[in-house]
Every structure is written in structure tokens, then in C-alpha cells.
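Trainee: I would like to go through this model with you. Can we take the helix packing, then one residue, then the chain as a whole?

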Amino acid sequence: MEALTFLIPLSVSFVVAVITTPLVARAAVALGIVDRPTERSVSRRDNMPLLGGLAVAGGLAAGVAAGVLVSEDLIYTQRLGGLLLGGLLVIALGVLDDQRGLGAVPKLLVQVIAASIAIASGFRVDHLTDPIMSTSLSFPPWLAWVGTTLWIVGITNAVNLVDGLDGLAAGVGAIIGGTLTVIAWQAGSPIGVCVGLALLGALLGFLPFNFAPARIFLGDTGALFIGFVLALLALEGTRRLAILTFVVPLLALAVPILDTGLSILRRLRQGASPFRADRLHMHHRLLSARGSARAAVLQFYFVTACFCLIALSFTRIRGVVAALFLAVVIVLTLRLLWNLGVLSARPGDEAAGGELVVGPKEEER
């Protein structure tokens, strides 16, 4: 794609999201698909419209369509079809969940089906690359299918889990999406660049309506969709990179992955279900430390951006330098988690009852 062509999916998705977000908000209120705070909610605002993800998805679809129409480098491919079809299924799941509240099993089942559609279209983790010797380990087809399903479902729910403060998931998604777009460009993937720019534009168009104080929430409709697209974008962007095939997307998505993994471990250690909601996530701890939702969200943005910059640097290094750099990243990450109190129990840290992480995260606002 030429430099000027980059602006097409970005600008079209931005404009569509800006126009459609207020319309979606009115429709959500009219249909009664609104947030109703509980005792665990950070925000106590009643009747906040959900379904913001419809505006994001509409912006992305419009941006991708515009990019395909104006660029000779972009053609409709099987992988793009799998992304759109799987994304549509995730959107439908989110709308039903925001409207009625679905159980854990049907939500996971639908996500596995969406992941299977994406895998069948060409998205898969079929090898890992050694960050020191740059040697590659290939997987048999069945293992690649299982591993990719776990990756897609895991990232989809990881982004949903961090959607607990105004503007948090949308902003984090934009930062990670922008990073994965650069990686896709480095890998020579026009489709990855187009999808990444369309997602970035849609999120930037939606964010002014969602940043504190929010006028509309993403809902599970948006959080699940963003996670699904980011999971596939990570696979597309690193598919052609010969170095650090899996380390790069792991670093780019490190914040939601860490939050999800540590939440599951925390609940298991407490003898609770790993799917039980609580208010001990990283954004809750930042909120407690900063005393302001905006300050907590901005610091979360900063931490996410730092990991994304590290991920970009890993596409340019190899061998012993990569191993040393990775060791430094691990040490600094552990220090960050310790400062947040994630690795050490604090007085009053108690798990609250709740739903599976694939449930509505607005109940934790």
C-alpha cells in the first residue's frame, strides 16, 4: 500500500465511528440495552447505553471496504473473509450478551466457533521461533489448531476483562492495534495494515464518546470484537516475520494477558472459580492508587505503550541481544506488578462474586 492509501481505511473508519456512535447510543437506550450498576461497579451511572461496539465494528468494516476498493495491493482474500465472518459472529454474541446476559458455556462455545472460522481461513500459530538461535519449531496441524484456538479465545476475553473503566479498553485497543499495524507493515501484509488502520480509526472515532465521563460503553459487543480482531491481527502481522514469531505479539498484548493470567491464578489460590469476577484487576489497583479514573486510565495507556514499543524493538533484534533484552523486560515487568500489589496480597484484597470473564465488564465499573 502506498503512503497516501494508508489514510483511506484510517479516515473512513474514523468518520463512520464518529457519525454512528451517537446513533448507536440512542438505539441502545430505546431498546433498553443499558448498563445497570451493581455493588461492584466503579461507576454508579444508571442507564448508560451499551452496544458501542457496533459503531466500532461498523467503522472497521467501512474502512476495510474503502481500502480494498481504492488500493491495487488489497484484494478480498480467504483470511479477510474469515476475519469478517468470525467478527460478525462475535458481534452477534456480544449483542445478545449485552441484551440478555448469557452464561459462560454458550459464550465460550460461540467464541470457539468464531476462532475455528478464522483458523479455517488461514489464521494459525503453526510454529514458534527461538529468540536466541532463531530456530523454528513447527507444530502438527492438530496442535496448531488447538493452540491458535486458545490464543484467539484467550485474547478475546483478555481485552474484555480490562474493560472496566471509561475509555480503557478502547484506548488500550487503539495502542495495541497501532502497534500490530506497524508490525504487519514490516511483515509486508497489506491486509494486516488495512485492518489495523481501520480498527485504529474506528477506536479513535469512538474514544471521545467513551473517555471519562463516558456517554456510551463498548459493552461486551465491543470488548469481545476488539479482542477478536487484535488476536487475528497479531497472527497476520507475525505470519511472515522470521524472528520471534510469538514473542512479539505476546509483548504487544502483554498488559491484558498479564491481567487475565494473574486474575485466574489469584482466584484459584483463593479457592474460587477462575471465572469469578472481582475488583482486584490492574486497572482497579491503579484507580485505588491514583484516586481518579482518568489518571488510572492514562497510566494504563502508558504501560501498554511501553510494552508495545518493546514489542516493536524485538522485530529488529536477535540472538544474545534479544535474550538479554527479554530478561530485562521480565525483571521490569515483575517490578511493575509488585508495585501494583499484584504479586503480593494486600489487606482487604477479597474476591467479589461475579460472572465469567466473558460476561459484561461494565458491571465492574
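Trainee: At what angle do the axes of helix 3 and helix 4 cross?

Mentor: This is a predicted model, where local features need pLDDT of at least 70, side-chain atom pairs count only at pLDDT 80 or more, and totals for chains, interfaces and linings use all residues. Numbering runs from 1 along each chain as its sequence is written, and side-chain values use heavy atoms, without hydrogens and water. Helix 3 spans residues 78–100 and helix 4 residues 104–120. Their axes come within 7 Å and cross at roughly 170°.

Trainee: Are helix 3 and helix 4 roughly parallel or roughly antiparallel?

Mentor: Angles under 35 degrees count as roughly parallel, over 145 as roughly antiparallel. The crossing is at roughly 170°. Helix 3 and helix 4 are therefore roughly antiparallel.

Trainee: How many nonpolar residues does the contact of helix 3 with helix 4 have?

Mentor: Contact means heavy atoms within 4.5 Å. Helix 3 contributes residues including Leu85, Leu89 and Leu93, and helix 4 residues including Val110, Ile113 and Ile117. By class, four residues are polar, two are charged and ten are nonpolar.

Trainee: Is Thr149 buried or exposed?

Mentor: Thr149 lies in helix 5, residues 141–161. Leaving aside neighbours within four places in sequence, Thr149 touches Val112, Ala115 and Ile119. Buried means under 20% relative accessible area, exposed over 50% (1.4 Å probe, protein chains only). At 11%, Thr149 is buried.

Trainee: What percentage of the residues in the chain is buried?

Mentor: The chain has 13 helices and four strands. Of its 365 residues, the buried share is 55%.

Key: Axes fitted to C-alpha atoms, helices over the stretch in contact; angles between N-to-C directions. Helix = DSSP H or I, 4+ residues; strand = E, 2+ residues; numbered from the N terminus. Parallel < 35°, antiparallel > 145°, perpendicular 65-115°, else oblique. Nonpolar A, V, L, I, M, F, W, Y, C, P; charged D, E, K, R; others polar.
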